[in-house]
Amino acid sequence: MSSSADLTPNQMQAVDHFRGPLLVLAGPGSGKTRVITRRIARLIERGVNPREILAITFTNKAADEMGERVKELVPQGRVWVSTFHRFCARLLRSRAEIVGLGANFSIFDTTDQRQLLREVLRDLNIDAVHFSPNKVAHRISNAKNNLQSAADVARSFDDAVGNHLDAVVSRVYPVYQRRLMESNAVDFDDLLLHVVKLLSENPELRHSLDERYRYVLVDEYQDTNPAQYRIVAALSQDFPNLCVTGDPDQSIYGWRGARIDNILRFESDYPSAVVVRLEENFRSTQQILKTADSLIAHNVLRKQKRLVTDNPDGEPVELVVYRDGEHEADEIARDMRRQVEAGERAWSDFGILYRVNALSREIEFALLRHRVPYQIASGVEFYERAEIKDTLAYLKLISNPADRIAFLRVVNTPRRGIGKTSIAKLVDWAERSGVSLVEAAGRVSEIPGLPKKAGASLKKFAELIADCRQAIDEPVDSQLARVLERTGYLKQWQGSDSEQDQQRLANVQELRTAAQQFDDARADEATLEGFLETVSLVSSGDNLDNSAGCVTLMTLHAAKGLEFPVVYLVGLEHNLIPHERALRTEDNRELEEERRLLFVGITRAQDRLFLTQTQSRNFRGRRLTTIPSEFVSELKIKWSERTESDWPTDTDFESNDSGDIDDWGADNSSAPSRLRRTKPPSDRAETPAKRSGFSAGMLVRHPQYGIGTVIRVSGPARKQTVTVGFEDAQEAKTFVSDHCPLQPVGTR
DNA sequence: TCTTAAAGGGTTTTT
DNA sequence: CCCTTTAAGA
């Protein structure tokens, strides 16, 4: 089955290694994923029970893809491939009671966490302006990443005289943690932490899990944090058939607690470890590799490593300087269009990478103007929307009535005439009676001083939740439908002409589609908590579609593990990469992580790599003159400066402004870039070309929803809306045509 | 109680 | 620039 003809000797060695610890140091593009997949297949061929194999990847998408590929190689091999967080969530569900949780615990996302912290800060009379929930949350997360409990933090604060924020954190952390437990909830860090606790305090359980997962594979090991390190170690004690893969030069998550040391000390952790180096690169041209190599060589805290390839020399890497962000974005869009129209490339060949999400906006606008189809990595964005959070809060409350954050979110949403003061009374009474908020709401008659109307509403609310709980074993979508029906949640927007309201309806519908898909995929195992878990743990690139036929936009972090024939790496500027925050610390390690991040970006490219920077950039509403990134001087590349003088002035462009958009691609003399004196992008979008851009029957692509057909175009010229039916959605969605990310697509 | 308006504050990267 | 939180009015 798994022939070895297509593997190098080193790859073969890693694939063929059977028992005992294995470290695979894999440079970028060295076929690491293929090696892991093949190795899993090989283990199964050798008679290892697939159940005994646990593979940990960095994103859900990577996990799904790896699972698929293993199944292709070994059809009967159903291996558990998962992210750390998902693995821990599943494990914790089955042993929740050991750590004092219920099996139906909620997973708090950052918003929930902030909300809870806000509450705690208020209760402790801590000034939330000076000590923002955000800052405190970060500090607590840091502590948790370092396996520090609330008691540990308090102790270390006693030992050393901490600063003000630490003093606050040492008070807040224990209360925050207690409230989490009272809500039967965990935050992201807790998922790992509880499992660490579970494993370290229950030797017999640890042993049985170690035995159950005899073969553990961890990808991107350089990005594991202390908690993850402990979990892996605990599962590889009695059966140390642990295979970790990674590349110290691609360690880019130090800021969230990852320890590059974990991979560096693997050999001393496991003295019998076999080490395999994959240094041959199959991805990039020599030019690209040379660029990457010259950059990463500047890192001092680093093990020397070779990057070699038999690939062609390729075109030189280019650094292009543009006037400003809009110029940069427009030229990239135009450049891509030219290549696609010349038949040299497909849209999906392009990746556009940036250091900070904020840079995506200008690029998106440009891609819209130039009718370039694109998708953007944005896992969480959808689930952050108020209407989605509200809807999910109902489901969370049904699943876990102790969830106070969910309760507080929806108790008066939609409006039930339950005001702040009533809620305060309820919360107070519940606190003193030691019951959940839902239970308190069901016992309003016992609460003194509650207005009649509010009391009645609360009672009804409690009954609603109780009724829905009766049906908790139904398919998730049925439960969702019931919630929407019984709460009348959608009524507030139905029949509204407002585009925003229609969008909200569409989003909720989208959530229903997700629920239906979950029901279908999991069949009998489709539990409500499982669904909530799935949506809580989406990761950044999960929404990307390899076969979407469009350009892909994402951060450098999200790009790890991916590759593109052509990469545009934008914003190579001082304070952007390296980011100003890394520059401020004077900590060389942070600067080196920035360098690694750029290294990751560069090594995503297969054939062509364009690095771009601007002379000035709009930032926080201000136009700032930029300074080139210090990393640029470390690269061996060709400069191709297209500065102001090479381009027509904005007045030249102004006269051409109302021209048809399609001319832009053909007419090279009309620079699309312009200075801020001219009209802002939102005005520009209202050119006749754009307004008439959609017509009924047209095929379009949306970065989130996929391919759809335009059903209707309506509304006054300036606020024209377009209604689109998508393949995967039940109902049509409506967009404002001037601002929507819809791309016309030819045929499909 | 709820809606609307103004001001203020914060921004890396993500599970 | 964008989002959130807060203040004033209906």
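# Reading a protein with two DNA strands

Pro414 sits in the loop that runs between helix 19 (404-410) and helix 20.

User: What joins Thr413 and Pro414?

Analyst: A word first: this is a predicted model, and every value here is computed from it. As a general idea, most peptide bonds are trans, and most residues other than glycine have a negative phi. Thr413 and Pro414 are joined by a cis peptide bond, with omega about 0°. Another cis bond links Ile577 to Pro578, where omega is about 5°. Pro578 belongs to the loop between strand 13 (564-569) and helix 26 (580-584).

User: And which value does phi of Asn575 take?

Analyst: Phi of Asn575 is near 80°, which is positive, and the residue is not a glycine. Asn575 is in the loop between strand 13 and helix 26. Asn125 also has a positive phi, about 55°, and its place is the loop between helix 5 (110-123) and helix 6 (133-145). Arg371, just after helix 16, takes a positive phi of about 55° too.

User: Is Asn125 buried or exposed?

Analyst: Relative accessibility is the value to read here. Over 50% a residue counts as exposed and under 20% as buried, with partly exposed in between. Asn125 has 71%, so it counts as exposed. Asn575 has 35%, so it counts as partly exposed.

User: How many helices and strands does chain A have?

Analyst: There are 31 helices and 21 strands in chain A. The chain has 748 residues, of which 57% count as buried. It exposes about 32200 Å², and carbon and sulfur atoms supply 48% of that area. Contacts tell you about the fold as well: among those between residues at least 6 apart in sequence, 75% join residues at least 24 apart.

User: Which residues of helix 25 are buried?

Analyst: In general, an α-helix has 3.6 residues a turn, so residues three or four places apart point the same way. Helix 25 (residues 528-536) is mostly covered, with seven of its nine residues buried. Those are Leu528, Gly530, Phe531, Leu532, Glu533, Val535 and Ser536. For helix 16 (residues 360-369), the buried residues are Ser360, Ile363, Ala366, Leu367, Leu368 and Arg369.

User: Which residues are closest to DNA strand B?

Analyst: To read a protein–DNA contact, ask which residues are around the strand, then which atoms meet. DNA strand B is surrounded by 25 residues, and the closest are Arg355, Ser539, Ser540, Arg581 and Arg620. Of the strand B atoms that come within 4 Å of the protein, 58% belong to sugar and phosphate. Helix 20 (residues 420-433) gives the most to the surface near this strand, with three residues.

User: Where on DNA strand B do side chains such as His557 make their contact?

Analyst: The side chain of His557 has an N or O atom 3.3 Å from a base oxygen of DNA strand B. For Asn412, an N or O atom of the side chain is 3.3 Å from a phosphate oxygen of the strand. His579 has a polar side-chain atom 3.2 Å from a sugar or linking oxygen.

User: Which residues are around DNA strand C?

Analyst: They are Arg118, Arg620 and Gly621. The side chain of Arg118 has an N or O atom 3.5 Å from a phosphate oxygen of strand C.

User: How many cavities of 30 Å³ or more are there?

Analyst: The count comes to six. The second largest holds about 70 Å³ of space. Among the residues that line this cavity are Leu25, Asp247, Asp249, Arg277 and Lys305.

User: Where is the place of Asp247?

Analyst: Asp247 is in the loop between strand 7 (241-246) and helix 12 (261-264). Its relative accessible area is 2%, so Asp247 is buried. A polar atom of its side chain lies 2.9 Å from the backbone nitrogen of Asp249. Leaving aside neighbours within four places in sequence, Asp247 is in contact with several residues, including Ala26, Gln222, Lys305 and Phe599.

User: With which residues is Ser496 in contact, leaving aside its neighbours within four places in sequence?

Analyst: They are Asp501 and Gln502. Ser496 is in the loop between helix 23 (476-487) and helix 24 (499-522). Ser496 and Asn507 are 11 residues apart in sequence, and their C-alpha atoms are 15 Å apart in space.

How values were computed: Residues are numbered from 1 along each chain as its sequence is written. Chains are lettered from A and ligands numbered from 1 in the order in which they are written. Side-chain values use heavy atoms; hydrogens and water are left out. A residue is near a molecule or strand if one of its heavy atoms lies within 4 Å of it. A polar contact is a pair of N or O atoms within 3.5 Å; within protein, one must be able to donate a hydrogen and the other to accept it, and residues adjacent in sequence count only if both atoms are side-chain atoms. Buried means under 20% relative accessible area, exposed over 50%, partly exposed in between (1.4 Å probe, protein chains only). Helices (H or I, at least four residues) and strands (E, at least two) are DSSP runs, numbered from the N terminus. Contact means heavy atoms within 4.5 Å. Accessible areas come from the Shrake-Rupley method with a 1.4 Å probe; for residues, only the protein chains shown count as cover. On a 1 Å grid over the protein atoms alone, a cavity is a set of points where a 1.4 Å probe fits but cannot get out, and a pocket is an open set with protein on both sides within 12 Å along at least five of seven lines; lining residues have an atom within 4 Å of a point. Grid points are joined across faces, edges and corners, and a volume is the space filled by probe spheres set on the points.
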